[in-house]
Amino acid sequence: PQPERNGLPERLRLVWVIAAKDIRDAIRNKLFISIMIGVTLLSSQSFILPLLLRGSNTPTAAVYDQGASAILEGISSLEGIRLIPVKSRMELEETLTGSPRPILGLVIPADFDQQVANGSQVRLESYMIHWADEEKIAAWADEIEGRFHQAGAPGVTILSAATRVYPAGETAGQPMITLFVMIIGIITIGAALVPLLFIEEKEAHTMEVLMVSPASLWQIVAAKLITGLFYGAIAAAVLLAFNNYLIVNWGVAILAAITSILFAAAIGLLIGVLSDNPTTTGLWGSLVILVLLATTFVQFFQDANLPPFVQSLIRWSPGTAMVSLFSASMTRDIPGSLLLTSLVALLRAIAYGWRHEALTENADIIRQLGEDLYKRLATFGEHLTRLGKNLGKSVESFNKTVGSLDRQVLPGARK
């Protein structure tokens with residue numbers, strides 16, 4: 001019977017002991033600390049720039065002028081405000097959702113000049129991004145409304161309750177930049193830390209110690225993965241905290257973060273198997289990030305120019321799935337098919353990477369069988385050595401006996 005230490009609670013305890021050691025060792029690793037600092041600075045850039053731009057007090061409005069209003073042209077020349085002309089309602093929403101700073105959206109009716117000439121009351125529709133400061137947008141609306149009055153349109157009123165606009169599924173601009181920053185941060189931590197832990201163990205020769213300890217190979221690998229998940233969760237939490245104003249559906253955001261962390265840890269495990277030094281780790285990690293970002297860029301910016309089968313492959317790539325999930329967390333209406341496709345693609349990628357865990361279990365069995373075979377061969381060799389020594393002594397005694405017989409016994413017998 002196996003000893004009590006082989007029970008499930010003891011196995012889990014060993015995994016946690018190794019993982020706790022790896023978590024502490026990661027904090028002392030200068031290379032990993034530099035990576036963490038780099039990811040933090042990268043994530044802060046997507047937060048600090050919009051924060052600085054949001055502090056601008058110049059009233060800014062994106063205007064969809066349906067009738068080429070002459071009055072609007074006169075207002076555009078006034079100082080103290082900024083008007084951004086757009087050609088459609090869709091472009092208006094894209095401008096609002098893609099900007100790193102809040103913008104007031106206005107729609108000018110086609111017969112605007114005629115209504116003003118008739119002295120009619122004209123109510124202009126207003127829009128704003130969902131995270132914008134409502135009081136600030138209302139103040140801008142009042143100021144721009146005053147400019148209309150100065151331009152000879154006293155009957156113009158901008159609706160104070162601006163309609164909130166939410167990004168579409170594949171919005172460019174600030175949301176897209178934030179998505180790429182989040183993916184780079186999570187993948188960098190997962191793809192860098194787990195291999196570094198393996199390399200550290202190899203260089204310090206502690207891997208050999210762990211291999212002869214009560215811990216099995218799958219427990220060692222599981223501990224590395226737990227460490228990668230731990231720091232991946234920290235990176236995801238920091239990234240989500242910096243960009244919380246963009247998140248609409250927190251449930252989808254957390255789901256996207258969890259699946260992305262699992263994928264990053266699985267990628268880190270594969271890189272750890274393939275790498276023997278930090279340089280190789282950096283090369284593999286950079287290649288992974290480059291491939292993920294390349295497929296995502298192609299999906300969102302060059303999709304229409306690719307053959308259908310290439311488009312299908314790119315849609316099922318992990319990078320595209322991660323961007324789609326995080327992008328869905330920033331929208332109000334989530335397409336069910338998009339969410340399902342992205343989840344399946346990521347889970348398949350995770351399963352492929354984590355399939356190595358089954359290989360580690362087989363490797364553990366092979367290692368145990370090899371150790372047992374080595375012990376048996378060593379015992380057999382010892383017995384064979386003793387047998388050889390005994391045979392040597394027997395042959396030596398036989399030769400001495402024959403020599404004694406030939407030299408001492410037979411001469412006397414012949415006489």
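Two strands pair if DSSP finds at least two bridges between them. Strands (E, at least two residues) and helices (H or I, at least four) are DSSP runs, numbered from the N terminus. This tour begins with the strands and then moves to the helices and the cores.

The structure is a predicted model, in which local features need pLDDT of at least 70 and side-chain atom pairs count only at pLDDT 80 or more, while totals for chains, interfaces and linings use all residues. Residues are numbered from 1 along each chain as its sequence is written, and side-chain values use heavy atoms, with hydrogens and water left out.

**The whole protein**

Display the complete protein first. Its secondary structure comes to 14 helices and six strands. Of its 415 residues, 43% are buried; this term denotes under 20% relative accessible area, against over 50% for exposed and partly exposed in between (1.4 Å probe, protein chains only). A contact means heavy atoms within 4.5 Å. Among contacts between residues at least 6 apart in sequence, 77% join residues at least 24 apart.

**Strands β1 and β3**

Select strand β1 (residues 60–65) together with β3; the two pair in the parallel sense over five bridges. Asp65 stands opposite Ile108 in β3. Now keep β3 alone: five of its five residues are buried. Leu104, Leu106 and Ile108 point one way from the strand, and Gly105 and Val107 point the other way.

**Strand β4 and its partners**

Add strand β4 (residues 122–129), where six of the eight residues are buried. Which way do β3 (residues 104–108) and β4 run? They are antiparallel and are joined by three bridges, with Leu106 opposite Ser126 in β4.

Next, show strand β5 (residues 156–158), which pairs with β4 in the parallel sense over three bridges. Here Arg123 stands opposite Thr157 in β5. Strand β6 (residues 163–165) is also joined to β4 by three bridges, and these two strands run parallel. To find this pairing, select Ile129, which stands opposite Val165 in β6.

**The nonpolar cores**

A nonpolar core is a set of buried Ala, Val, Leu, Ile, Met, Phe, Trp, Tyr and Cys residues joined through side-chain atoms within 4.5 Å. The largest one has 59 residues, and those with the most contacts inside it are Phe112, Leu124, Ile144, Phe148, Val156, Ile187 and Phe326. Helix α7 (residues 174–203) gives the most to this core, with nine residues. Apart from the largest core lies another, of 12 residues, including Ala26, Phe32, Ile189 and Leu197.

Select Ile144 and its surroundings. Leaving aside residues up to four places away in sequence, Ile144 touches Pro59, Ala61, Ile81, Leu104, Leu106 and Ile158.

**Helices α1 and α7**

Colour helix α1 (residues 8–28) and α7. They pack at an angle of about 95°, with their axes 11 Å apart; axes are lines fitted to C-alpha atoms, for helices over the stretch in contact, and angles run from 0 to 180 degrees between N-to-C directions. That makes α1 roughly perpendicular to α7, a term for angles of 65 to 115 degrees. The contact is made by Lys21, Asp22, Asp25 and Ala26 of α1 and by Leu193, Leu197, Glu200 and Glu201 of α7.

**Thr188**

Finish at Thr188, found in helix α7. Is Thr188 buried or exposed? Thr188 counts as buried because its relative accessible area is 19%. Beyond residues up to four places away in sequence, Thr188 touches Ile35, Val39 and Ile289.

Technical notes
Angles under 35 degrees count as roughly parallel, over 145 as roughly antiparallel, 65 to 115 as roughly perpendicular and the rest as oblique.
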